[in-house]
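Subject: A structure for you to look at

Hello,

Here is the structure I promised to pass on. Please open it beside this email, and then read on for what turned up in it.

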Amino acid sequence: MVKQIAERSQSDADGYQRFFEYAKKVFAKGYTELADRPFGRFSDMVAVSPSLIKLRADRSVYKTVAKYVKDDHLRQALSFHSLLVGGNPFQTSSIYTLIHYLEREWGVHFPKGGTHALVRTLVKLFEELGGELRLSTPVKSVELVQDGTSKKHRITDSKDGVEEFDLVVSNADVHHTYKKLYSSSKVAQKRAKKLEKMDWSMSLFVLYFGTDIAYDDVAHHTILFGPRYKGLLDEIFKGKSLPDDFSLYLHVPTVTDKSLAPEGCSAAYVLAPVPHLGRADVDWDEIAEEYGDRIIEALEVEMPDLRNHIVTRRHITPKTFESELAAFKGSAFSVAPKLTQSAYFRPSNEDSGIPGLYLVGAGTHPGAGLPGVLNSAKATVDLILSKYE
Ligand SMILES: Cc1cc2nc3c(=O)[nH]c(=O)nc-3n(C[C@H](O)[C@H](O)[C@H](O)COP(=O)(O)OP(=O)(O)OC[C@H]3O[C@@H](n4cnc5c(N)ncnc54)[C@H](O)[C@@H]3O)c2cc1C
């Protein structure tokens with residue numbers, strides 16, 4: 001890495017090494033110490049404030065990177081990471097530079113068999129621990145009912161089954177949990193209103209495709225930056241329409257794991273960050289096919305003659321995030337990871353006004369991405385264990 005940077009600029013290679021040391025310190029504080037720790041009280045936030053001030057967490061990721069390196073492309077390459085958790089590098093706290101260090105420290109991993117292999121393994125663990133999983137039975141509503149001196153959560157599912165529980169840990173979108181699931185709770189409606197005023201992360205257009213030839217000369221992960229960086233991000237995060245251009249993340253897992261496609265073929269997905277539905281009122285049903293065609297054309301720099309080799313394709317749009325995952329505004333990463341919406345300021349892992357309601361997932365502390373949501377589960381489990389022994 002340092003050698004490659006030095007080939008462009010020796011002073012940036014030195015700057016990169018200083019940036020790396022900075023990201024290492026942020027990682028030690030922001031990930032190792034704080035990621036799996038709940039921030040239920042304001043005093044929790046006050047306690048970490050001196051460290052955050054020292055690390056200049058008020059600065060954006062981009063501004064921090066720009067302090068260390070001058071080359072425009074290098075600034076892009078070192079600052080885009082906050083997009084992986086739904087944050088605009090120009091607005092997201094420099095704490096998210098820790099992702100760069102995390103990737104260097106532990107590497108980038110891919111589960112053989114795809115992400116679903118990871119899901120299957122977690123399901124196995126859950127069942128071994130005595131958990132019971134009911135698929136295709138989404139929760140329709142939860143009502144709080146008095147049970148002696150305590151409250152029970154009465155759950156109605158999509159098959160009209162009704163059951164009462166002492167505790168609920170909701171992994172659904174936070175806004176959906178409060179607004180729709182706890183629709184009869186005044187406290188929940190207050191929380192939903194507050195969430196509606198917060199900034200929500202961008203959405204994604206994702207195109208999954210299979211080809212009848214094997215693309216082996218492409219990397220497992222490729223980021224294709226478009227001609228604009230700040231201008232494009234401004235339009236995605238602050239604009240009111242779908243930008244004409246795009247930047248892409250291309251994922252070709254068959255480079256690493258041949259089992260994911262028939263012999264001699266490839267499987268891949270490509271995604272483009274796009275504005276969420278509350279920002280740009282795009283008729284995705286109308287434009288998705290053509291938008292996908294434009295992306296495929298752009299991918300031909302990496303995958304020659306791609307348009308003639310795609311044998312199957314399927315897309316998901318912000319509308320799919322909204323309708324299938326109940327994601328507010330079709331946002332792909334929930335509440336945006338800004339400093340003013342992080343830690344204590346993020347929806348809490350334990351609701352202080354609805355006894356027995358706990359939250360996990362992207363909209364809670366610490367935030368989106370698999371490391372984030374697994375840490376939110378750890379923080380929540382600790383809260384439950386400390387209360388219920
Ligand atoms: C295309 C794409 C690629 C990504 N790649 C990566 C990556 O490489 N690495 C990484 O770390 N992160 C990645 N992420 C981010 C990561 O997947 C998410 O941040 C993470 O999955 C969020 O977890 P979650 O538990 O909050 O939500 P989800 O994973 O969305 O889980 C919530 C679940 O709740 C269910 N649900 C909703 N409502 C109800 C209801 N009423 N009753 C019952 N169930 C309900 C939903 O069906 C869903 O299964 C990617 C995201 C996308 C979209």
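Which element gives the most residues to the shell around the ligand? Helix H13 does, with 3 residues. Please keep in mind as you read that this is a predicted model.

**The ligand and its surroundings**

In total, 20 residues surround the ligand, and the closest are Pro138, Ala172, Gly361, Ala362 and Leu370. Three elements give two or more residues to this shell: helix H8 (174-181), strand S5 and helix H13 (370-388). By class, the shell holds 16 nonpolar and 4 polar residues, with no charged residues. Where does the ligand sit with respect to the domains? Domain 2 (127-199 + 337-388) and domain 3 (203-328) both give residues to its shell, so the ligand lies between them.

**The domains**

The domain assignment splits the chain into domain 1 (2-106), domain 2 (127-199 + 337-388) and domain 3 (203-328). Between domain 1 and domain 3, the C-alpha centres are 27 Å apart. These two domains do touch: 7 residues of domain 1 are in contact with 7 residues of domain 3. On the domain 1 side of that contact there are 4 nonpolar and 3 polar residues, and no charged residues.

**A five-stranded sheet**

Next, have a look at the open sheet of 5 strands, which are paired antiparallel in the order S6-S7-S8-S5-S9. Strand S6 (221-224) and strand S9 (310-316) are at the edges with a single partner strand each, so one side of each has no neighbour in the sheet. On average, neighbouring strands here are turned by 20 degrees against each other, direction ignored. S6 pairs with strand S7 (residues 248-251) over 4 bridges in the antiparallel sense, and threonine 222 has leucine 250 in S7 as its bridge partner. Helix H11 (residues 284-299) packs on this sheet, where it touches strand S5 (203-211), S7, strand S8 (266-274) and S9. The direction of H11 makes about 125 degrees with that of S9.

**Helix H6**

Finally, turn to helix H6 (residues 98-106). Which of its residues are buried? They are Leu98, Ile99, His100 and Tyr101. The buried residues of H6 pack against helix H2 (10-33) and helix H5 (72-79). Just after H6 comes glycine 107, with a positive phi of about 85 degrees.

Enjoy exploring it, and do write back with any questions.

Best wishes

Terms used
Residues are numbered from 1 along each chain as its sequence is written. This is a predicted model: local features need pLDDT of at least 70, side-chain atom pairs count only at pLDDT 80 or more; totals for chains, interfaces and linings use all residues. Domain bounds come from an automatic or database domain assignment. Ala, Val, Leu, Ile, Met, Phe, Trp, Tyr, Cys and Pro count as nonpolar, Asp, Glu, Lys and Arg as charged, and the others, Gly among them, as polar. Two strands pair if DSSP finds at least two bridges between them. Axes are lines fitted to C-alpha atoms, for helices over the stretch in contact, and angles run from 0 to 180 degrees between N-to-C directions. A residue is buried if 20 or more other C-beta atoms lie within 10 Å of its own, exposed if 12 or fewer, and partly exposed in between; C-beta atoms are placed from the backbone. A residue is near a molecule or strand if its C-beta atom, placed from the backbone, lies within 6 Å of it.
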